[in-house]
Amino acid sequence: MNEWTSLRNSKKYQEQNLKDEEKQREAEHASKKHRVILVAYLLSALDMSCLFMQISTIPYLAKNLGLDSIGFGSLQTTFGVLQLIGGPVFGRFSDQFGVRAALTLSFLSGSLFYLLLGISTNIPLLFMSRIPSLFMHGLPGAQMVVTNWTTPTERAGALGKFGLCMGLGMIVGSSLGGFLATKFGLKFPTFVALTGNLLSIPAVLVYIPPRTEPDGGGTQANPSKASSVFNIREIMRLMRLPGVMPIFTIKLLSGLPVGLFMIMFAVISINFFGLDPEQSGYLLSYFGVIQMGMQAFVIGRLTKRYSDGSLLLVSVAVSSAVGVAMALMGNVFHFCVIAIPLVFALAILAVITDSILTKSVPSSDTGGMLGICASIHPLTRTVGPTIGGILFQRFGVSSFGCLHFTINVILVIYLLRRKYHPKGQKRE
C-alpha cells in the first residue's frame, strides 16, 4: 500500500513538473515574441526616420549640384525602378534565407546608399547613390517579422502598429532633417542616417532569430530546396492565388493619386504653398503626428470591431470624399485640414490590404507577398515624376484631387457590386 501511494504521488509530482515546465515554456515564448516584435517596430521607426531625413533634403541637394526639375524627376524615377525591382526579390530572399538575413541586407544596402549620397559631389555620383536602394526594404522586412510571429486574427492590429512607426519616422526624420540641414549643411542629415543604419545591423543580428517562424513549425532558411529569388514564375504564382489580384489592384489604384501628389510634394511646397526646407519638413512632421494619432486611437479599435471587407469599403469611400476636398484646396491651411481624413483613409487601406493579402497565401510565402506589396510605392515613384509633373504643370494641384475622386468612386462601386458580407468575404 505504501509503495502504491508513493508511486501515485510520484506520478502526480511528474505531471505537476510537466505542467510547470509547459507554463514556463509558454511564458518564455510569450516574452521572446514580445521582444522580437518590439525590436521589429523600433527598427522600422529608425529606418523611416533615416529615409525621411533624406526625403526632406534631397531636392535641395540635387538643386545645389545643378540638377534641374527634369533631372530630379529622372533621379526619382531611378530610385523607383530599383525599388520596384528589388521589392519582390527582397521578399523571395526573405522566404528562402530568413528574415534576419533579409533585414541585415537591407541595412547594409541603406548604409552604402547614405554613404554614397553623403559624398556625392557631382550628378553622376548622385545617381550612383541610388543603386543600393535595390535592397533597401527595412519596413517590409520588419513587417515580415511581425507577420511570422502573429496569428491571422492578430495580424491586422499588429501590422497596423507600423503606422505608429511610420508616423514617428516622419516626425523625427522630417523635422530633424530640415533642422540639421539648415544648421549644419545639406549633407549632415545623410551622415546621421548612415549612422542609424550601421547601428541597426548589430541589433538585427542580436535580437532577430534566424528562423522565419517562432514555434519551430516553419522551416529554417534553406536555399538549396527552393528556386531562385529571381524566379518570376514564383512571384506570378502568388498573384494568381484566389483573391490576391483584386485586393492588390485596389491597393495600387486607391492610393495612386496621393502617391503622385506626395512625389511632387517638394515642388508643390515651393511653388504652391511657398514653403522653405525647414517649413516643408515641419509639414511632413505634421503628417506623422496625424499618422500616430490615427493608429493610437482609431485604427486599432476599428480592426478589432469591424471586418476587413467593411473597413476596405470605408477606406475607398472616405478617399473619394477627400478627392473632392483636394480639388478645392487653395492653401496650406486647407491641406492641413484635408490631411486628417486623408491619412485616416490611407492608414486603413495599408493595414487592411496587407492583412488580407498575407492571409491569402501560405505562411511560407508571406515574405514574398509583402515584398510584392512593397513594390507599389516604388511603382508610383517610377511613373510619378512624369505623370505628376504633367498634371501639376498643365492642370494645377486640383488635378490630383479630381483623379483621386474619380478612381476611388469607381472602386466604391466595384466593392459594392462584389457584395462583401460583414466578415469581409464575397457572397457567392
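A crossing of two helices is left-handed when the near helix is turned anticlockwise from the far one by less than a right angle, and right-handed when it is turned clockwise.

**View 1. The whole chain, with 17 helices and zero strands.** The model is predicted; local features need pLDDT of at least 70 and side-chain atom pairs pLDDT 80 or more, while totals for chains, interfaces and linings use all residues. Residues are numbered from 1 along each chain as its sequence is written, and side-chain values use heavy atoms, with hydrogens and water left out. Helices (DSSP H or I, at least four residues) and strands (E, at least two) are numbered from the N terminus. Of the 428 residues, 50% are buried (under 20% relative accessible area; exposed is over 50%, partly exposed in between; 1.4 Å probe, protein chains only). The accessible surface of the chain is about 19900 Å² (Shrake-Rupley, 1.4 Å probe; for residues, only the protein chains shown count as cover). Carbon and sulfur atoms contribute 65% of that surface. Among contacts (heavy atoms within 4.5 Å) with a separation of 6 or more, 84% join residues 24 or more positions apart.

**View 2. Packing of helix α3 against helix α8.** Helix α3 covers residues 99-118 and helix α8 covers residues 188-207. Their axes lie 8 Å apart at an angle of about 160° (lines fitted to C-alpha atoms, for helices over the stretch in contact, with angles from 0 to 180 degrees between N-to-C directions). The two helices are therefore roughly antiparallel (over 145 degrees; under 35 is roughly parallel, 65 to 115 roughly perpendicular, the rest oblique). The crossing of α3 and α8 is left-handed. On the α3 side the contact residues are Arg100, Leu103, Thr104, Phe107, Leu108, Gly110, Ser111, Tyr114, Leu115, Leu117 and Gly118. The α8 side supplies Thr190, Phe191, Ala193, Leu194, Asn197, Leu198, Ser200, Ile201, Val204 and Leu205. By class, 13 are nonpolar, seven polar and one charged (nonpolar: Ala, Val, Leu, Ile, Met, Phe, Trp, Tyr, Cys, Pro; charged: Asp, Glu, Lys, Arg; polar: the others, Gly among them).

**View 3. Surroundings of Val204 in helix α8.** Val204 has a relative accessible area of 0% and so counts as buried. Leaving out residues up to four places away in sequence, Val204 touches Leu43, Arg100, Leu103, Thr104 and Phe107. Val39 is 165 residues from Val204 in sequence, with a C-alpha to C-alpha distance of 8.2 Å.

**View 4. Surroundings of Ser49 in helix α1.** Helix α1 covers residues 2-64. Ser49 is buried, because its relative accessibility is 8%. Leaving out residues up to four places away in sequence, its contacts are Leu168, Gly169, Val172 and Gly173.

**View 5. Packing of helix α13 against helix α14.** Helix α13 covers residues 308-327, and helix α14 covers residues 332-359. The axes of α13 and α14 come within 8 Å and cross at roughly 150°, so the pair is roughly antiparallel. This crossing of α13 and α14 is left-handed. From α13, the contact takes in Asp308, Leu311, Leu312, Val314, Ser315, Val318, Ser319, Val322, Ala325 and Met326. From α14, Ile338, Pro341, Leu342, Phe344, Ala345, Ile348, Leu349, Ile352, Thr353, Ser355, Ile356 and Lys359 take part. The contact holds 16 nonpolar, four polar and two charged residues.

**View 6. Packing of helix α14 against helix α15.** Helix α15 covers residues 366-374. The axes of α14 and α15 are 9 Å apart, at an angle of about 145°, and the crossing is right-handed. Asp354, Leu357 and Thr358 of α14 meet Thr366, Met369, Leu370 and Cys373 of α15. Four of these contact residues are nonpolar, two polar and one charged.

**View 7. Surroundings of Phe400 in helix α17.** Helix α17 covers residues 398-418. Phe400 is buried, because its relative accessibility is 0%. Leaving out residues up to four places away in sequence, Phe400 touches Pro257, Leu260, Phe261, Met264, Ile268, Met326, Gly388, Leu391 and Phe392. The C-alpha atoms of Phe400 and Val258 are separated by 7.2 Å, with their positions 142 residues apart along the chain.

**View 8. Thr249 in helix α10 and its distance to Leu411.** Helix α10 covers residues 244-263. Thr249 has a relative accessible area of 30% and so counts as partly exposed. Leu411 is 162 residues from Thr249 in sequence, and their C-alpha atoms are 9.8 Å apart.
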